[in-house]
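User: Hello! I would like to learn how to read the features of a protein model, one at a time. Could you show me how?

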Amino acid sequence: MSGRVAVRPAAVLAGLLAGLLAGLLAGLLVGAAPAAAHGGATVTIHSDGRGSVWITAQWQDGHPINEPTPVTLTATPAGGTAAPVGPATLRQTGDERGTQTYTGTLDPGSWRVSIDLGAPVDGHCQALVPVAAGAASPAPVEVACLVPATATSAPAETSTGGGGLLPLWITAGLLAVAGAGFLVYRRRRGVQDPPRPGR
């Protein structure tokens, strides 16, 4: 008696289809994950107390916000007659803290500094920044702001025009091709293997 185990083509095809579906579903889940991977953001306004201002920005999961993000600074004097500053675009450094710097310096005095971040953060932060004059001791500032998650709070694009259905159409097409191939195979088996006469 032969030790070989008969393998049914239908079972093999079913296994292949199951693997195909599992792979496609896994791909869809992985592709959708970045849209909610980071959540909100923490934006911190820094000043050395001598007029230099910069921010650091991180996602809530700890990753720096180094995606191209337009950030503008506006500063208005809290007292005195100094002219307002900005809006001025900050310069992104791409470091591990998500730093963006104001290339100028604020004059001595007290300033209300506002930071506005565009997509993918879409947030706002504000701090009172004192700038020491002359030999006065500087008072460094570090003010953190929590930016809630929004529809664009991640480095992922939202598909439009039905593009999100493309993986489903691909899945349906592959299943249709596999099913047609199985039917052709069964028909050929029916022609090549006529029923055996009974004993």
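User: Which classes of residue line the largest cavity, and how many of each are there?

Analyst: The lining of the largest cavity has five nonpolar, four polar and no charged residues. Here Ala, Val, Leu, Ile, Met, Phe, Trp, Tyr, Cys and Pro count as nonpolar, Asp, Glu, Lys and Arg as charged, and the others, Gly among them, as polar. A cavity is a set of points on a 1 Å grid over the protein atoms alone where a 1.4 Å probe fits but cannot get out, and lining residues have an atom within 4 Å of a point. The lining consists of A57, I65, T69, V71, Q92, G98, Q100, L117 and V121.

Before we go on, note that this is a predicted model: local features need pLDDT of at least 70, side-chain atom pairs count only at pLDDT 80 or more, and totals for chains, interfaces and linings use all residues. Residues are numbered from 1 along each chain as its sequence is written, and side-chain values use heavy atoms, leaving out hydrogens and water.

User: What is the volume of the largest cavity?

Analyst: About 30 Å³, where a volume is the space filled by probe spheres set on the points, and grid points are joined across faces, edges and corners.

User: Now burial. Is S47 buried or exposed?

Analyst: Buried means under 20% relative accessible area, exposed over 50%, and partly exposed in between (1.4 Å probe, protein chains only). S47 counts as buried because its relative accessibility is 3%. R91 counts as partly exposed because its value is 47%.

User: Which polar partners does the side chain of S47 have?

Analyst: A polar contact is a pair of N or O atoms within 3.5 Å; within protein, one must be able to donate a hydrogen and the other to accept it, and residues adjacent in sequence count only if both atoms are side-chain atoms. The S47 side chain reaches the backbone nitrogen of G49 at 3.2 Å, and one of its polar atoms lies 3.2 Å from the backbone oxygen of S52.

User: Which residues of the largest nonpolar core touch the most other members?

Analyst: A nonpolar core is a set of buried Ala, Val, Leu, Ile, Met, Phe, Trp, Tyr and Cys residues joined through side-chain atoms within 4.5 Å. Of the 27 residues in the largest one, I55, L73, Y102, L106, V113 and I115 touch the most other members. Leaving aside neighbours within four places in sequence, L106 is in contact (heavy atoms within 4.5 Å) with residues including V53, A75, V85 and V113.

Key. 1 Å grid on protein atoms, 1.4 Å probe; cavity = no way out; pocket = protein on both sides within 12 Å on 5 of 7 lines; lining within 4 Å.
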